[in-house]
Structures are given as structure tokens and as C-alpha cells.
Amino acid sequence: MIELRHLRYFVAVAEELNFRKAAERIHIDQSPLSRTVRDLEDRWGVTLFIRTPRKLQLTPAGVKLLNHARKLLVRLERTKRVVRATDDRHREPLRIGVDEATVQPMMADCLVRWRLIASDIPVELTEMHATELLSALRSEEVDAGFSFGLPDDGALTQQSVWVSPMVAILSPEHELAGREVVSLAELLSFPAIACTEACHPGLYQQMTAILQQHALSSTIAGEARTLTGYLTRVAAGQGVGVADADHMRALQRKDIVVVPLAEQIQITTYVLHKHQRNGLPEALQRFLTHATTLH
């Protein structure tokens, strides 16, 4: 008999087209994942994937199953929510994904105020990479997410929730570290540390737009995959950097000097959710209204 895990595992592999990445995504070892997918093929007598040393590819049968499996899993999840909503012993939480680069007091303030006005609707937070957040929103593993932005996706809506001033960040030994204010052009006359587009698409897109708006370019001294790596490179004097002021107030690192920019430049944080053909659930709509009107 086919079990739900067969379909969940199949969907993960079909979306990633890579057994290793799929196994990491659903937090199991690669061997049992591969065996389960093979077992599904054997039981139904079909071939779902074309396996070659270089790539994994869906067969026509695999494409058809992926389409139906996604719909089935979504219907099952919605059925579970409806059933649990009728049981007073269960209060289905809002599942909120948070881009791990988003470390801001305003988010905590948003959640604290939500608890005061909607104590009957708890929030379940999950930190994840930007790419993981995008996948989780698409597959409805989370109801909403907070991020500096994700690549344009027709299935998702991105709404601005708050902004924070951009500031320069420098090592204490840098010649600009003693300044009270610095222009963006002056800052970027020094080699800079950048974030990778793949890991932080929102910050990358915002920074690209800012440079274009001010007709500036920068010499990249290095790229960082994580916020910690970014700050460490700046602190070590490998290059200058920029960040939003709220991040830096929250982190309060002693090995980094924060200098305001002369220009009034803002970094935007967004709340994201997936389009719903029949409208958003009431609890999610309430939360989105709360988040977007809070500041």
C-alpha cells in the first residue's frame, strides 16, 4: 500500500531533482529516501525518474504524479486544518518562516503585539535560508514569511512591512571609522564585502538598485554566504560593508564600527505569502494586516 511518505519523499526529489538535496530538505538520510522512491516505482510498475550520472530527470509519468501529489498533499493539509479548527483542544498556529538574515527588534515587536491582540492564534516560527523560505512558501509548509525579499515569483505576494536606515559598517582600524557621517560614494571608494545573490537575493537586489539609483559601482573584495561571515570579513578589515541600522543595534558587535550614511537610504523588510485562489484564511489575513500596518 502506498503511504503518504512515499508521496512526500517523491515530491521532494522531483522538486530538487537531486537525491542529496532532497534528503537534506526533509531531514533524512539519502539511502532510505532513494529506497522509498524506488519502492514507489516498483509498487506501481512505473518509472518516475531518468537516472544518469550527471542529472536526474522526471519522466512523463513523474511529471503527472508530481502534479497530482502536490494537489493531494495540499488538500490533505487543508483538511487537517479544517478538522482541527472544529476541535477546541487544538489551535492551529500560523506558521511563519523567517529568513535567517533578518535579525530585527521590529519583528519581535510585531509578534509581541500580535500575541496581545490575537492570543487565540499562536505563531510558530521557523528560521531558514532564503531559498528554503521560497520553497516553503510555494509548498505551503509555512503560511507567511519575513525576508529582505525573494526572487520574483508569480505564486507569491511580497508586501513592505518596515524600513530601516542603511549604515556603513567598518573595522575599528579603518580610516573612516572615526567619522560621524560618510557618503555612500566615499564608502564605496574602498573595496567592499558583498552578499551572494544565491543566499541573499533580497539584499542583493536592493543593493543593486541602490547602486544604480546613485550611479555608483563597487570593487568587491569578497562575498559572504551568511550574515556572520559578512560581519566577520568586515571586522577583519577585508573590506567595508553596509547593513540596516536595526540589525546593528540588535547585534551590538564591539569589533565593528557603525557610521551613518549622508544619504537617506532605506533597506526594506517584506512579509510574503502565497496567492490563494479562494482567498486567504481569516487568521492569515488578520496577521498580514497587522504586520503591514504596524509601523
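These notebook entries record what I looked up in the structure.

**Entry 1: the whole chain.** I noted at the outset that the model is predicted. I then listed the secondary structure and found eleven helices and eleven strands in the protein. Along the principal axes, the C-alpha atoms fill a box of roughly 70 × 50 × 30 Å.

**Entry 2: surface and burial.** I looked up the accessible surface, which comes to about 16100 Å². Carbon and sulfur atoms hold 51% of that surface. Of the 295 residues, 43% count as buried.

**Entry 3: contacts and charges.** I took the contacts with a separation of 6 or more and found that residues 24 or more positions apart account for 74% of them. I also compared the 34 positive with the 35 negative charges; their mean positions are 8 Å apart.

**Entry 4: the largest nonpolar core.** I recalled that nonpolar side chains tend to be buried together in soluble globular proteins. The largest nonpolar core here has 33 residues. Met 166, Ile 169, Leu 184, Leu 187, Tyr 230 and Leu 261 have the most contacts inside this core. Among the elements that each supply at least two of its residues are helix H7 (184–187), helix H8 (201–213) and strand E9 (241–244). Strand E6 (156–170) is also one of these elements, and E6 gives the most, with five residues.

**Entry 5: one core residue.** I chose Leu 187 and set aside its neighbours within four places in sequence. Leu 187 is in contact with Ala 168, Leu 170, Leu 176, Val 182, Val 240, Gly 241, Val 242 and Leu 261.

**Entry 6: a second core.** I found a separate core of 21 residues, including Phe 19, Val 37, Leu 56 and Leu 65.

Definitions and conventions
Residues are numbered from 1 along each chain as its sequence is written. This is a predicted model: local features need pLDDT of at least 70, side-chain atom pairs count only at pLDDT 80 or more; totals for chains, interfaces and linings use all residues. Side-chain values use heavy atoms; hydrogens and water are left out. Helices (H or I, at least four residues) and strands (E, at least two) are DSSP runs, numbered from the N terminus. Buried means under 20% relative accessible area, exposed over 50%, partly exposed in between (1.4 Å probe, protein chains only). Contact means heavy atoms within 4.5 Å. Accessible areas come from the Shrake-Rupley method with a 1.4 Å probe; for residues, only the protein chains shown count as cover. Lys and Arg count as positive and Asp and Glu as negative; His and the chain ends are not counted. The place of a charge is taken as NZ of Lys, CZ of Arg, CG of Asp or CD of Glu. A nonpolar core is a set of buried Ala, Val, Leu, Ile, Met, Phe, Trp, Tyr and Cys residues joined through side-chain atoms within 4.5 Å.
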